[in-house]
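Reader: I should like to discuss the cavity and the salt bridges of this structure. Please begin with the term that the discussion of exposure requires.

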Amino acid sequence: MRRMWWLATIPALALGCATGSSSNQKMSESTKSQTQAQQALQKAADAQKQALQEQQKAEQLQQEVTQKQKALADSQARLTAQRAKAEQSQRDAQRLSAEAQKEAQAQQQQATQQQRSEARQDQQMTQQNQQAYMQTKNVRGQALSASKDELVLRSSDQGDLRLKLNDSTSVTVDGRMGSPDQITAGQDVRASYQVIDGQPTALKIEVQSSQSSTSNPKQ
């Protein structure tokens, strides 16, 4: 009888051992899965950090490119103004040549050749530089004050406007090449300008004197 009881307990003990072994195996697999998940999250975090660093480098380079493009645009604006002034000089020289061809033919030919040479050099420089697209604005109004460095206009659409003047600004008075000191308050002025370094800078100024306006009224 006692022997039969012992034989009956053997399957129960075997079942208990098997159950404990299965539980330990499941815990091991769960720990392994958690470890792998943590490693995957860490790799993702490292990759995100690397991507952020690369993005910051790209933004820094973009800022450098923007600064160089702005510097190039400013140089192109000055070159455009200088070309306009050279072209106006060419037209005035041709008009003077027609008026005084007999008296100064040799001198005029020499000046014309020099001006054409300068125009060709300007065109070559323009072709070598990258094209910069800058908006040119026009304004018309009456002169309030003028100096060699600045012209103040009062217009109906843009109000009072201060235009910076420099050596490249082309000035014509009654259709002839002039200078800023010939501009007086009250004269009718048309100007084209570009904003350079935040300052409206005149490229070309056309002045109509009061005497000319009286003798040639608008239709």
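Author: A residue is called buried under 20% relative accessible area, exposed over 50%, and partly exposed in between. The structure is a predicted model.

Reader: Is aspartate 197 buried or exposed?

Author: The cut-off for an exposed residue is over 50% relative accessible area. Aspartate 197 has 58% relative accessibility, and therefore it counts as exposed.

Reader: With which residue does aspartate 197 form a salt bridge at 2.6 Å, N to O?

Author: The partner lies in helix α1, whereas aspartate 197 is in the loop between β6 (188-196) and β7, 127 residues apart. At 45% relative accessibility, this partner counts as partly exposed. The side chain that meets aspartate 197 at 2.6 Å is that of lysine 70.

Reader: Which residue is linked with Lys70 and Asp197 in a network of salt bridges?

Author: A search of the whole structure finds nine salt bridges. The network that contains Lys70 and Asp197 also includes Asp74.

Reader: Which residue forms a salt bridge with arginine 154?

Author: Arginine 154 is partly exposed, because its relative accessible area is 48%. Its partner, with 47%, is partly exposed as well. The closest N and O atoms are 2.8 Å apart, and the partner is aspartate 160.

Reader: Which element gives the most to the lining of the largest cavity?

Author: The largest cavity has a volume of about 30 Å³, and its lining includes Ala77, Arg78 and Ala81. Both α1 (2-99) and β7 (199-208) supply at least two lining residues. The most, three residues, comes from α1.

Terms used
Residues numbered from 1 in each chain as written. Predicted model: local features only at pLDDT ≥ 70, side-chain atom pairs only at ≥ 80, totals over all residues. Heavy atoms only, no water. 1 Å grid on protein atoms, 1.4 Å probe; cavity = no way out; pocket = protein on both sides within 12 Å on 5 of 7 lines; lining within 4 Å. Points joined across faces, edges and corners; volume = space filled by probe spheres on them. Helix = DSSP H or I, 4+ residues; strand = E, 2+ residues; numbered from the N terminus. Salt bridge = Lys/Arg side-chain N within 4 Å of Asp/Glu carboxyl O. Buried < 20%, exposed > 50% of the residue type's maximum accessible area, 1.4 Å probe, protein only.
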